[in-house]
Amino acid sequence: MGEDTEREGRRRGRAPDGAGAGLDRRHFLGTAAAVGATGLTAGLLAGCDASPDVSTGALPHPDASAGGVKAAAAAERARPGSPDWRIRSQGPPEAVEGYTDKVSVLPGEEFGLHVSTTAPGFRVSAYRVGWYDGAQARLVWRSGRVAGAHQQQSRMISSTRSIRADWQRTLGVRTEDWPAGAYLLRLDAENGHQRYVPLIVRSASASGATLLMHAPTTWQAYNAWGGYSLYRGQDGTYITRSLAVGFDRPYDRNGAEKFMVYERAAVVLAERLGIPLAYTTGLDIHLTPAVLHGATSAVSLGHDEYWTPEQRQHVTRARDTGTNLVFLGANTCFRRVRLEHGPSGAGRTVVCYKSAYPNDPHFADHHGLPTHDFRQPPAADPESTLTGVLYEGFPTDAPYVVHSADHWLFEGTGVKRGDSFKHLVGVEYDRVTPGAPTPAPLEILAHSPLVCDGRKSHSDSAYYTVPSGAGVFSTGTMRWVEGLMAGTRDSCRDHGMDARTRAFVTRTTENALRGFAAGPAAKARAAPKDNVQSVYAS
């Protein structure tokens, strides 16, 4: 690891991703020292060479009134699920993989699907994620057979070491009668292998609803398809990483790993509760922030690290006009990024130079904001002013320890001060940092001792309110969403968490979602007790 790379790691507070490194090369942040002053042709599903597409029964178009929307959502929740949504055989990467030309669409809009496969043909099945009486997804649409082809290898944009597939469009899909929600498009190849392609069918408005904010910029930052991500290059070193990554390529592994691990369980729970829901992405909040208007709450899911400054401004403004906020993960809003065009249109490229920001032409020549950690100068703006907590380090594995057992978020859990839940804190964590810019009063709800890279510290869950009445809850651990399915067959990685932990996380999350769905929390719930100094003095 070179000297410049080591310096970057110390300055940013986490070790760089060096040669051969995975996420386990991101180390302890200390005490947030820098908090101071990111050939194929096809028509609209006409690409099927034999069978027609299959609809699974469309709901009648609801009226646009609040009552009509609520009735349609209830009807959707009552529909039978499709337990066969899971991948059975992933196979090698070239077996089948694909990407969409849009991260999200409104219901009824068309998107293009770009697929490469070694099989002679494949089909596409669109599953909407939800509760569905425990099935956890419903088949909304299935294509007929589509002729397969193995598309060209990726190409690199040398100036930023960005990888693009630039595949030809295989088929177009209309989303008529697809309810808003989080979707897994499963590619079923005739060679027996399968992969997911994630898609969000977003809501035009979240007025009166809880808005789930999916994090495709973070999915893309970690996506190493083609050998490059924002963390490392093909040789495994930080210095050869991409400086920009694009959505015009498949996701690696099963095609939807970040969604499956850090988001899906929260979607299933929220759908089960029956509260009014709306769906969007951080990218869409950047582009069309009107979706936030009138939302009762906005929920950031389990790993939501990469934000544009515009996204952050819009979410902050929503908080300041009465929208409650929930941060179900850690490391949230840590990196400042810029969106640029890609082959498929606006917002298709995520730019984050990190320690190399002085080399970014937009920064150097046009005096734009640096694309690095929000908390770092120049233009330092620590995430704690929004989340109430600061990201501190990786990796850790520690019990979650309850502090304010009488807080309304813990109602019905039966916890007492000092009760703990093994392995719930990890693998990255946040803490309340005295002296960092945070809203006040702020109450620490859980204060969990840990060791990270040999150093003792704490992870904190926190709650605060603002004059608009909005409440803000941050869990302070990246394993919170994983805890919702701990110990079940649907747990991707439960880290040894047990059923007791699952019950605690589930009830606390239910309390947050239900409580915040009722409107600005400060108008109905007790004010936070400003206990930061007393907790950290002990």
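This report walks through a sheet, its helices, the nonpolar cores and a few unusual backbone spots in the structure above.

The model is predicted, so local features need pLDDT of at least 70 and side-chain atom pairs count only at pLDDT 80 or more, while totals for chains, interfaces and linings use all residues. Residues are numbered from 1 along each chain as its sequence is written, and side-chain values use heavy atoms, with hydrogens and water left out.

## The sheet and its helices

Let us start with some vocabulary. Helices (H or I, at least four residues) and strands (E, at least two) are DSSP runs, numbered from the N terminus. Two strands pair if DSSP finds at least two bridges between them.

With that in hand, look for an open sheet of seven strands, with mixed pairing and the order S15-S13-S16-S18-S26-S25-S24. Strand S15 (277-281) and strand S24 (442-452) form the edges; each has a single partner strand, so one side of each is left without a neighbour in the sheet. From one strand to the next, the twist averages 20°.

At one of these edges, S24 and strand S25 (residues 455-465) are antiparallel partners, joined over ten bridges. One example to find on screen is Ile444, whose bridge partner in S25 is Ala462.

Helices pack on this sheet too. Contact here means heavy atoms within 4.5 Å, and directions come from axes, which are lines fitted to C-alpha atoms (for helices over the stretch in contact), with angles running from 0 to 180 degrees between N-to-C directions. Helix H5 (residues 264-273) touches strand S13 (210-214) and S15, and the direction of H5 makes about 155° with that of S15. Helix H11 (residues 499-517) lies across S13, strand S16 (297-300), strand S18 (324-327), S25 and strand S26 (471-474), and runs at about 160° to S26.

How much of H5 is covered? A residue is buried when its relative accessible area is under 20%, exposed when over 50%, and partly exposed in between (1.4 Å probe, protein chains only). By that rule, nine of the ten residues of H5 are buried, including Arg264, Val267, Leu269 and Glu271. Right after H5 comes Gly274, with a positive phi near 80°.

## The nonpolar cores

A nonpolar core is a set of buried Ala, Val, Leu, Ile, Met, Phe, Trp, Tyr and Cys residues joined through side-chain atoms within 4.5 Å. The largest one has 71 residues, and Tyr400 and Phe504 have the most contacts inside it. H5 supplies the largest share of this core, with seven residues.

Which residues does Phe504 touch? Not counting residues up to four places away in sequence, the contacts of Phe504 are Tyr400, Val402, Phe410, Thr413, Val415, Phe421, Leu424 and Trp480. Apart from this core lies another, of 29 residues, among them Leu292, Ala298, Phe374 and Leu442.

## Backbone spots to look up

Two cis peptide bonds are listed here with two positive phi angles in residues other than glycine.

| Residues | Feature | Value | Location |
|---|---|---|---|
| Phe394 and Pro395 | cis peptide bond | omega about -5° | Pro395 in strand S22 (residues 390-401) |
| Ala440 to Pro441 | cis peptide bond | omega near 0° | Pro441 in the loop between strand S23 (420-431) and S24 |
| Gln136 | positive phi | about 75° | loop between strand S5 (121-129) and strand S6 (137-142) |
| Lys354 | positive phi | near 55° | loop between strand S21 (345-351) and helix H8 (361-366) |

Are Gln136 and Lys354 buried or exposed? Gln136 counts as buried at 8% relative accessibility, and Lys354 is buried as well, with a relative accessible area of 1%.

The strands around Gln136 are worth a look. S5 and S6 pair in the antiparallel sense over five bridges, and Ser125 has Arg142 in S6 as its bridge partner. S6 is mostly covered, with five of its six residues buried.

## Cysteines and a buried threonine

How many disulfides does the whole structure hold? The search finds zero, counting a disulfide as a pair of cysteine sulfur atoms within 2.5 Å. Cys352 is buried at 0% relative accessibility, and Cys452 is buried with a relative accessible area of 0%.

Finally, find Thr387 in helix H9 (residues 384-387). Thr387 is buried, with a relative accessible area of 3%. Leaving aside neighbours within four places in sequence, Thr387 is in contact with Phe327, Thr332, Tyr464, Val472 and Ser474.
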